[in-house]
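The following exchange concerns how structural terms are assigned. Each answer sets a value against its definition.

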Amino acid sequence: MAFGELPIMGIVAFFLELFIVGPLAKKLAFRLVQPGMDKMIFIVLAISAITVCLMCPLMSLAAAVLFKGGLQPELLSVWIQTAALNFPMALCWQIFFAGPLVRGIFRRLFPEKEPEAQIS
């Protein structure tokens with residue numbers, strides 16, 4: 001059943017992350033950490049944690065509306081229950097598995113260039 005929901009939820013997640021959550025998460029994270037002043041791991045963890053804090057309730061709402069009875073009088077309780085059940089897994093998945101995996105893949109695909117020595 002989850003694989004049947006995956007294409008719809010994937011599209012919803014893509015657009016939420018791209019247009020709403022991504023920019024907002026960075027803006028909120030940079031209130032807590034400062035690039036250049038804080039260690040990169042703290043910046044990455046702040047952005048990741050805030051992204052989960054924003055995406056989990058939004059995706060849980062989408063799942064409650066699309067797959068758990070739609071717009072019904074119990075929508076609020078279904079949404080809160082879904083978000084509460086999803087949040088611990090989403091946070092652990094992002095911090096310990098998905099985030100490091102994606103960063104590792106991107107590091108291999110797009111290696112940082114060494115700064116060229118300046119000739120005076």
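The questions below take up burial, contacts, cores and the largest pocket in turn.

This is a predicted model, in which local features need pLDDT of at least 70 and side-chain atom pairs count only at pLDDT 80 or more, while totals for chains, interfaces and linings use all residues. Residues are numbered from 1 along each chain as its sequence is written, and side-chain values use heavy atoms, with hydrogens and water left out.

Q: Why is Thr-82 called buried?
A: Buried means under 20% relative accessible area, exposed over 50%, and partly exposed in between, with a 1.4 Å probe and protein chains only. Thr-82 has a relative accessible area of 5%, and therefore counts as buried.

Q: What makes the link from the side chain of Thr-82 to the backbone oxygen of Val-78 a polar contact?
A: A polar contact is a pair of N or O atoms within 3.5 Å; within protein, one must be able to donate a hydrogen and the other to accept it, and residues adjacent in sequence count only if both atoms are side-chain atoms. The side chain of Thr-82 reaches that oxygen at 2.7 Å, so the distance satisfies the cut-off. Thr-82 belongs to helix α3, where helices (H or I, at least four residues) and strands (E, at least two) are DSSP runs numbered from the N terminus.

Q: Which residues does Thr-82 touch, not counting those up to four places away in sequence?
A: They are Ser-60 and Lys-68, contact being defined as heavy atoms within 4.5 Å.

Q: Why does Thr-51 count as buried?
A: Its relative accessible area is 17%, which is under 20%, so Thr-51 is buried. Thr-51 lies in helix α2, and its side chain reaches the backbone oxygen of Ile-47 at 2.7 Å. Leaving aside neighbours within four places in sequence, Thr-51 is in contact with Glu-17, Val-21 and Ala-25.

Q: How do you know that Ala-29 is buried?
A: Ala-29, in helix α1, has 0% relative accessibility and therefore counts as buried. Ala-29 and Ile-47 are 18 residues apart in sequence but 5.4 Å apart in space, C-alpha to C-alpha. Beyond its neighbours within four places, Ala-29 is in contact with Ala-46, Ile-47 and Ile-50.

Q: What makes Ile-50 buried?
A: Ile-50, placed in helix α2, has 14% relative accessibility, so the buried class applies. With residues up to four places away excluded, Ile-50 touches Ala-25, Leu-28, Ala-29 and Leu-32.

Q: Why is the set of Met-9, Leu-16, Val-21, Met-55, Met-59, Ala-62 and Ala-63 called a nonpolar core?
A: A nonpolar core is a set of buried Ala, Val, Leu, Ile, Met, Phe, Trp, Tyr and Cys residues joined through side-chain atoms within 4.5 Å. These 7 residues form the largest such core. The elements giving two or more residues to this core are α1 and α2, and the largest share, 4 residues, comes from α2. A second, separate core of 6 residues includes Ala-25, Ala-29, Ile-43 and Ala-46.

Q: Which class supplies 21 residues to the lining of the largest pocket?
A: The nonpolar class does, beside 9 polar and 5 charged residues. Ala, Val, Leu, Ile, Met, Phe, Trp, Tyr, Cys and Pro count as nonpolar, Asp, Glu, Lys and Arg as charged, and the others, Gly among them, as polar. The largest share of the lining, 12 residues, comes from α1. On a 1 Å grid over the protein atoms alone, a pocket is an open set of points where a 1.4 Å probe fits, with protein on both sides within 12 Å along at least five of seven lines; lining residues have an atom within 4 Å of a point.
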